[in-house]
Amino acid sequence: MLDSKQLRADAAGVAANLARRGFTLDVAAFNALEERRKAAQIESDRVRAERNANAKAVGIAKGRKEDPTALLARAEELTRQLEASDTAINAVQAELDDLLLGIPNLLHESVPEGRDESANQEMRRWGEPRKFDFTPKDHVELGEQLGGLDFESAARISGARFAVLKGGIARLHRALAQFMLDLHTGEHGYTEAYVPYLVLGPALQGTGQLPKFEQDLFKVPVAGAESSFYLIPTAEVPVTNLVRDSIVDAKDLPKKFVAHTPCFRSEAGAAGKDTRGLIRQHQFEKVELVHIVKPADSYAALEELTSHAEKVLQKLELPHRVVALCAGDIGFGSAKTYDIEVWLPGQNKYREISSCSNCEAFQARRMQARWRNPETGKPEPLHTLNGSGVAVGRALVAVLENHQNADGSITVPAALRPYMGGAERITGN
RNA sequence: GGAGAGAUGGCCGAGUGGUCGAAGGCGCACCCCUGCUAAGGGUGUAAGGGCCAAAAGCCCUUCGAGGGUUCGAAUCCCUCUCUCUCCGCCA
């Protein structure tokens with residue numbers, strides 16, 4: 001959520017920034033609501049102050065054995081007034097919250113202009129797409145030939161957008177996740193976290209998925225309870241919420257977490273898109289990186305986090321490029337995002353395998369996640385960042401397609417062999 | 001699932017209807033004294049919001065959450081959540 005002080009002080013500037021993403025901020029509506037809220041709060045505070053003073057006077061009068069009848073009459077009147085002013089303030093506040101929670105984050109000045117992904121800016125490339133002396137297959141064909149990728153069974157069990165992995169490919173999938181965790185904890189200084197996969201609404205509101213994007217989530221009702229669980233769409237949700245409602249000591253920053261979790265997405269708006277293979281599933285695994293940092297450090301942290309995700313692909317010998325998302329393509333809560341795209345020979349193009357975002361204070365404000373700034377002595381919002389390090393399912397796709405051989409077998413990249421019992425190749429069962 | 005106990009400020013912990021946002025301690029910050037290795041004294045120290053150009057100051061809210069009783073609730077009542085102990089069950 002945006003800083004409402006900034007919104008009040010510079011509504012036009014905020015609106016101009018949001019317009020870059022194609023979001024129209026109704027400044028007049030905000031100002032009107034804010035005026036109403038302020039008036040209601042002043043009135044409510046005034047009545048409450050009088051009621052408090054009056055109640056105190058009653059106590060004092062009784063202590064002195066004086067007659068409190070007049071004070072009591074006034075008190076009843078004040079209580080009635082208070083009910084009215086509370087109703088008014090609650091109504092305005094609810095409207096204002098709705099408005100504020102639906103406004104996306106401000107963009108960093110370095111974000112390129114543009115309406116859609118065609119305007120994204122390539123920052124760098126690593127590796128050369130391999131020249132095949134045979135026609136490379138895509139991962140679906142490779143996986144089915146190897147007997148390790150079974151979409152038919154998955155469809156029977158759970159319908160579309162699920163997969164069953166078996167044998168060497170299932171192990172490769174597991175190996176990828178283990179490898180990434182070990183790399184990030186061992187070489188990049190992350191603390192591993194194991195977190196809940198079912199979360200409550202406030203956690204999702206903290207990271208920005210709620211209230212606006214409920215249709216993207218799987219909701220799990222609990223018998224007899226009024227609140228439901230949601231399946232996490234990314235580990236970003238439980239991990240970033242580790243600092244919700246807390247004031248972190250400056251000496252404990254930065255915090256860097258890595259977590260491997262399944263992710264669940266309803267893909268409500270993606271009908272017909274990427275229906276082939278493992279690219280877009282309802283359930284997939286991801287290794288997620290989260291940084292909790294001082295505001296002054298967050299852009300350096302974004303570069304660092306992105307480089308950590310790239311390192312995974314480099315060790316797996318997977319050609320890739322880094323792209324700065326343009327204004328119109330950037331996610332709701334992010335101020336700046338780099339996507340990492342891996343080369344997929346089966347599709348003959350680069351496909352997203354990681355998305356690294358600096359959310360600045362956007363999530364921190366929603367979560368009340370703060371640090372005590374030694375310079376001011378005051379609690380101030382932290383900056384939060386997250387990025388995939390990387391998506392395991394898509395990494396599996398990339399390994400299969402990039403390291404395939406003419407006979408349909410897969411060469412296991414050296415970095416993964418320790419996790420594969422030393423195996424150098426995956427062949428059919 | 002059953003029975004019981006609890007939830008108060010960064011931490012510990014007092015507080016059962018009225019100047020309680022809350023004693024005391026720890027921690028932290030600053031100051032003073034002393035200076036023979038370790039202490040002694042003082043002051044300050046929650047968050048969120050509002051009025052104000054700003055500071056000062058003042059006001060409101062918050063004692064797990066929500067509701068209720070009351071002129072007035074940390075304190076009484078109800079519901080819920082979480083934690084701990086014992087029993088049951090279980091990976």
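**The surface near RNA strand B and helix 4**

User: In this predicted model, how many residues surround RNA strand B?

Analyst: A residue is counted if one of its heavy atoms lies within 4 Å of the strand. Among those that qualify, Arg8, Lys38, Gln41, Arg48 and Ala55 are the closest. Of the RNA atoms that come within 4 Å of the protein, sugar and phosphate account for 74%. The number of surrounding residues is 22.

User: Which helix gives the most to the surface near RNA strand B?

Analyst: Helix 3, helix 4 and strand 14 (369-372) each supply at least two residues of this surface. The residues there divide into seven nonpolar, four polar and 11 charged. With 14 residues, the element that gives the most is helix 3.

User: Which residue places a backbone N or O atom 2.6 Å from a base nitrogen of RNA strand B?

Analyst: Asn52 has a polar side-chain atom 3.3 Å from a phosphate oxygen of the strand. Lys62 has a side-chain N or O atom 3.2 Å from a base nitrogen. The backbone atom at 2.6 Å from a base nitrogen belongs to Ala55.

User: What distance does helix 4 reach from its first C-alpha to its last?

Analyst: Helix 4 (residues 69-101) has 33 residues, and 48 Å is expected at 1.5 Å a residue. The computed reach is close to that expectation, at 47 Å.

User: What covers the buried residues of helix 4?

Analyst: Leu78, Leu82, Ser85, Ile89, Val92, Leu96, Leu100 and Leu101 are buried in helix 4. An α-helix has 3.6 residues a turn, so residues three or four places apart point the same way. The cover includes helix 1 (4-9), helix 3 (27-63), helix 8 (201-207) and helix 11 (362-367).

Note on methods: Residues numbered from 1 in each chain as written. Chains lettered and ligands numbered in written order. Predicted model: local features only at pLDDT ≥ 70, side-chain atom pairs only at ≥ 80, totals over all residues. Heavy atoms only, no water. Helix = DSSP H or I, 4+ residues; strand = E, 2+ residues; numbered from the N terminus. Expected span 1.5 Å × (residues − 1). Buried < 20%, exposed > 50% of the residue type's maximum accessible area, 1.4 Å probe, protein only. Contact = heavy atoms within 4.5 Å. Polar contact = N/O pair within 3.5 Å; in protein donor to acceptor, adjacent residues only side chain to side chain. Nonpolar A, V, L, I, M, F, W, Y, C, P; charged D, E, K, R; others polar.
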